[in-house]
Structures are given as C-alpha cells and as structure tokens.
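Welcome, and thanks for taking a look. Here is a short briefing to read alongside the model.

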Amino acid sequence: MIASERSPRENNMNTETQELRKAGLKVTLPRVKIYQILERANGGEHWSAEDIYKILIDQGEDIGLATVYRVLTQFEAAGLVVRHRFESEHSVFELATEDD
C-alpha cells in the first residue's frame, strides 16, 4: 500500500510513530494515544495529566494515570513536550515546537 492509499488515521499513526522513534522512544500504544491527544490540543490548549487520563477513559482506553504521568515525563525528557508548572504545583503539557 502506498502512502496516498492510507486512511487519514493510518497516516496520522505513521506520523506519531516517526516522531516517537525520532525522539528515541519505543512505539507503544499508550505513547501513541497520548501523543495523539496532545496533537489535538491546537490553539495553545494545555492539558494536565489528569485531563489526558480522562480523555483516554472517555475513549475506552485502558491506560492508567501512572502510565500517563510516566509517558509525559518521558516525552518531556525526549523534548517532545513542554511542561508548564504553576505555583499551585499544577502542571500542564503541550507539544514542543521548534521554538522550544
């Protein structure tokens, strides 16, 4: 199958897979799902780990909150996301841009 014959979901999955590999991370279902959620946060939305966890639950995914925190920490270490910390010790995340 050539790329133009793939569905938008397959092309999206391929993009996420490439980004994870480029960052030196193994491609796993939790990482792909969390990356997809962060990609949808257009317009400068920032989501906490709890927000992402709730979205995963709503999607019927069986990914625990501890896994969400672990993946976000791995993404931050790999430069895929930026963590914004607030005085209340609340953190939100967004995909890193070339400017970050």
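Glu61 sits in the loop that runs between H3 and H4. This is a predicted model, and the points below go from that loop residue to helix H2 and then to the nonpolar core.

**The loop residue Glu61**
- Glu61 has a relative accessibility of 18%, so this residue counts as buried, the cut-off being under 20%.
- Its side chain makes a polar contact with the side chain of Lys33, at 3.4 Å.
- Setting aside residues up to four places away in sequence, Glu61 touches Leu29, Lys33 and Leu56.

**Helix H2**
- H2 spans residues 29-40, and Lys33, the polar partner of Glu61, is one of its buried residues.
- The other buried residues listed for H2 are Arg31, Val32, Ile34, Tyr35, Gln36, Ile37 and Leu38.
- With 12 residues, H2 reaches 17 Å from its first C-alpha to its last, close to the expected 16 Å.

**The largest nonpolar core**
- In soluble globular proteins, nonpolar side chains tend to be buried together.
- Here the largest nonpolar core holds 22 residues, and those with the most contacts inside it are Ile34, Leu38, Ile52, Leu56, Val68, Leu72 and Phe75.
- Two or more residues come from each of helix H2, helix H3 (49-58), helix H4 (65-78) and strand E2 (91-95).
- H2 makes the biggest contribution to this core, giving 5 residues.
- Beyond its neighbours within four places in sequence, Ile34 is in contact with Ile52, Leu56, Val68, Val71, Leu72 and Phe75.
- Leu56 is touched by Glu61 and is also in contact with Ile34.

Key:
Residues are numbered from 1 along each chain as its sequence is written. This is a predicted model: local features need pLDDT of at least 70, side-chain atom pairs count only at pLDDT 80 or more; totals for chains, interfaces and linings use all residues. Side-chain values use heavy atoms; hydrogens and water are left out. A nonpolar core is a set of buried Ala, Val, Leu, Ile, Met, Phe, Trp, Tyr and Cys residues joined through side-chain atoms within 4.5 Å. Buried means under 20% relative accessible area, exposed over 50%, partly exposed in between (1.4 Å probe, protein chains only). Helices (H or I, at least four residues) and strands (E, at least two) are DSSP runs, numbered from the N terminus. Contact means heavy atoms within 4.5 Å. The expected span of a helix is 1.5 Å times one less than its number of residues. A polar contact is a pair of N or O atoms within 3.5 Å; within protein, one must be able to donate a hydrogen and the other to accept it, and residues adjacent in sequence count only if both atoms are side-chain atoms.
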